[in-house]
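Biologist: Please go through this model with me, from the whole chain down to single residues.

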Amino acid sequence: MSGVEIAVELVALVVAVLLVTAAARKLDWSAPLCLIAVGVVASYVPGVPAYELDPEVVLLGLLPPLLYATAIRTSLIDFRRNRGPILLLSVGLVIFTTVAVGVVAWLVIPGLPLAAGLAIGAVVAPPDAVAATAVARRVGMPRKLTRLLEGESLFNDAAALVALRTAIAAIAGSVSLLQVGGDFLLAAGGGLVIGFAVGVLGALIRTRLEDPVTDTALSLVVPFVAYLAAEAIHGSGVIAVVVAGLILGHKSPSMLSGRSRLASRLNWQTIQFLLENIVFLLIGLQVRRIMTEVGDSGLTALELVLICAATLAATIVTRIIWMAGIGLARRLFRRHAWPWRYSAVIAWAGMRGVVTLAAAFVLPADTPQRAVLVLVAFVVVAGTLLLHGTTLPVLVRRLKLPPPDPAEDALQEAAVLHDMTRAALEELEKIRTPEDPDDIVERLRSRLQHRSDSAWEELGRQSTLTETPSDAYRRLRLRLLEVERAKFLEARDSGMADDDVLRRILERLDIEESMLDREEEAVPDSDRELRTPAATAGSCKHLTKEWPAVEPGSPDVCAVCAVCVEHGMTWVHLRECVNCGNVACCDSSPGKHATEHFHETLHPVMRSHEPGETWRWCFVDKQLG
């Protein structure tokens with residue numbers, strides 16, 4: 001095949017991915033399932049090239065960057081907090097599925113050795129969280145479930161590939177239980193050591209890099225270095241990539257510049273999008289080749305259907321049994337258990353993907369009934385994507401799982417930004433010198449305070465203003481940026497300035513515009529009360545004190561800031577003093593009368609007076625509770 005033909009095929013794959021994913025997003029369909037369906041149809045179209053999914057290309061060329069892209073976005077703090085459930089899913093469930101599905105395959109496929117059955121069990125064992133988390137974000141699944149599914153996907157591939165390696169060795173000869181345990185310990189230990197070393201070394205190097213281009217180029221090499229180094233010592237390359245990614249993702253806020261983080265984030269999102277979706281398209285394009293090979297197996301169509309159905313059912317049922325067993329065991333031993341609704345969703349989120357099909361092609365050519373095993377792997381991938389992918393959103397909605405609350409997110413964001421702003425303002429007072437111009441210092445104060453105030457303004461929308469001050473600033477500044485960009489284009493077209501100068505100016509405009517843009521967030525359920533999340537609740541003595549119930553006065557007075565009304569002013573949001581019931585405006589309002597009330601009375605705690613909000617704030621200790 002010539003270079004031109006290869007280039008044309010690659011371009012065709014990318015264009016097909018872009019068109020199909022765009023259509024799936026518009027129709028609210030599962031993009032992975034649509035890509036597989038398009039691939040299946042295309043594989044039978046005359047003239048379409050016979051794409052061959054080389055397992056080495058997948059395991060070495062695609063798997064490391066996909067795992068790394070997920071790992072750097074995974075919170076190491078959340079991973080540590082959920083390490084028990086994640087290990088139960090990524091190791092325990094993989095081993096259980098390998099054995100259970102392996103025995104079923106051994107029973108239903110004529111002439112199949114038990115070792116080969118265990119091999120196909122290992123092949124179909126690891127779920128691919130890409131499709132599950134895509135559904136999770138689309139339907140608003142609780143974030144804890146999403147974290148568990150992502151954590152499971154990071155390590156289950158390693159356990160499955162180690163199990164597959166052992167099963168392949170058993171097909172060729174006998175292996176002892178001691179050898180199995182030794183292989184697993186070597187793979188896990190070697191992967192952990194290499195991943196930690198690559199992560200720490202990569203962090204040391206990237207800390208010293210200032211150029212975003214060089215830093216991004218280095219980040220592209222890290223997953224392959226970790227994978228190859230671990231495999232060279234017979235460790236798990238998957239574990240090495242994941243550990244290195246977790247370390248570098250955790251350290252990125254302290255070791256990278258803002259420009260480097262922006263560049264790295266966008267580049268890895270693009271890489272992940274293309275690789276994930278191209279792989280699903282390639283899976284569909286394998287169907288014609290798989291069916292051709294199955295034709296020589298000597299089995300009837302009915303036998304093949306029964307084999308595939310039995311294996312698919314075993315794959316689904318084993319996950320359900322495992323989750324039910326975990327829930328029962330935790331209750332028997334009186335350990336903290338997931339809500340049964342969480343267990344039901346996790347049990348039904350077992351969609352398989354690229355690793356399953358790639359692992360199937362890894363099976364040696366002399367494996368008994370190899371073509372049938374590859375067909376089984378494809379049916380499990382397509383079947384779980386079809387069955388789970390189409391019904392998981394319905395299940396989540398029927399179980400009425402609470403989605404992430406945008407208002408609660410905004411409350412946490414406002415609290416963190418408030419602490420950051422207070423620390424910055426305190427530092428500003430320490431570092432300023434008599435030579436520093438007062439207008440510059442005041443400009444810094446104003447910019448910091450505006451950022452904090454705008455975060456608080458996002459909490460509620462029940463105010464006398466049609467738009468908050470931050471909204472007005474954003475609207476006006478975006479319009480001014482349009483005028484500035486038009487003037488920039490005039491300067492470029494007339495040749496007024498050098499191209500390098502113009503590029504620097506455009507970059508500055510783009511950065512400012514990106515800071516102004518905010519994604520439209522879903523409106524929170526008005527029936528849900530906005531309380532302070534337990535993880536961020538303050539613990540100062542004022543917030544923990546039981547304040548007596550206070551009657552603020554007549555409803556008409558309660559709904560307004562009396563001082564603002566008296567002086568003909570407007571307010572953004574209202575706050576209520578828990579000590580005396582005084583209602584006054586927030587710090588985003590021109591009067592800032594709630595803070596003024598605190599300075600006059602020293603009443604320490606106020607709460608939100610907006611509908612559906614019960615969070616409180618301590619003026620003394622600057623804590624949310």
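The questions and answers below concern a predicted model.

Biologist: How many helices and strands does the protein chain have, and what share of its residues is buried?
Modeller: The protein chain has 25 helices and five strands. A residue counts as buried under 20% relative accessible area. Of the 625 residues, the buried share is 47%.

Biologist: What share of the exposed area comes from carbon and sulfur atoms?
Modeller: The protein chain exposes about 31,800 Å². Carbon and sulfur atoms supply 62%.

Biologist: Which strands stand at the edges of the sheet, and why?
Modeller: The sheet is open, with five strands in the order 2-1-3-4-5 and antiparallel pairing. Two of the strands each have a single partner strand, so one side of each is left without a neighbour in the sheet. These are strand 2 (583–585) and strand 5 (623–624).

Biologist: In strand 2, which residue is the bridge partner of Arg 575?
Modeller: Strand 1 (residues 574–577) and strand 2 run antiparallel and are joined by three bridges. Leu 574 stands opposite Cys 585 in strand 2. For Arg 575, the bridge partner in strand 2 is Ala 584.

Biologist: And in strand 3, which residue is the bridge partner of Glu 576?
Modeller: Strand 1 is also joined to strand 3 (residues 605–608) by three bridges, and this pair runs antiparallel. The partner of Glu 576 there is Arg 607.

Biologist: Are the faces of strand 1 covered or open, and which residues show it?
Modeller: In a regular strand the side chains alternate between the two faces of the sheet, so each face is judged by its own set of residues. Helix 25 (residues 593–601) lies across strand 1 and strand 2, at about 120° to strand 2. Both faces of strand 1 are covered, as shown by the buried residues Leu 574 and Glu 576 on one side and Arg 575 and Cys 577 on the other.

Biologist: Which residue takes a positive phi in the hairpin of strand 1 and strand 2?
Modeller: The hairpin has five residues between the strands. The positive phi, near 85°, belongs to Gly 581.

Biologist: Which helix gives the most to the nonpolar patch on the surface?
Modeller: The patch has about 590 Å² of accessible area together, and its members include Trp 106 and Leu 114. Ile 95, another member, is partly exposed with a relative accessible area of 46%; patch residues need over 30%, so Ile 95 meets that cut-off. Ile 95 lies in helix 5. With six residues in the patch, the helix that gives the most is helix 5 (residues 83–108).

Definitions and conventions: Residues are numbered from 1 along each chain as its sequence is written. This is a predicted model: local features need pLDDT of at least 70, side-chain atom pairs count only at pLDDT 80 or more; totals for chains, interfaces and linings use all residues. Side-chain values use heavy atoms; hydrogens and water are left out. Patches are made of residues with over 30% relative accessible area and no salt bridge: like charges are joined within 9 Å, nonpolar side chains (Val, Leu, Ile, Met, Phe, Trp, Tyr) within 5 Å. Accessible areas come from the Shrake-Rupley method with a 1.4 Å probe; for residues, only the protein chains shown count as cover. A salt bridge is a side-chain nitrogen of Lys or Arg within 4 Å of a carboxyl oxygen of Asp or Glu. Helices (H or I, at least four residues) and strands (E, at least two) are DSSP runs, numbered from the N terminus. Buried means under 20% relative accessible area, exposed over 50%, partly exposed in between (1.4 Å probe, protein chains only). Two strands pair if DSSP finds at least two bridges between them. Contact means heavy atoms within 4.5 Å. Axes are lines fitted to C-alpha atoms, for helices over the stretch in contact, and angles run from 0 to 180 degrees between N-to-C directions.
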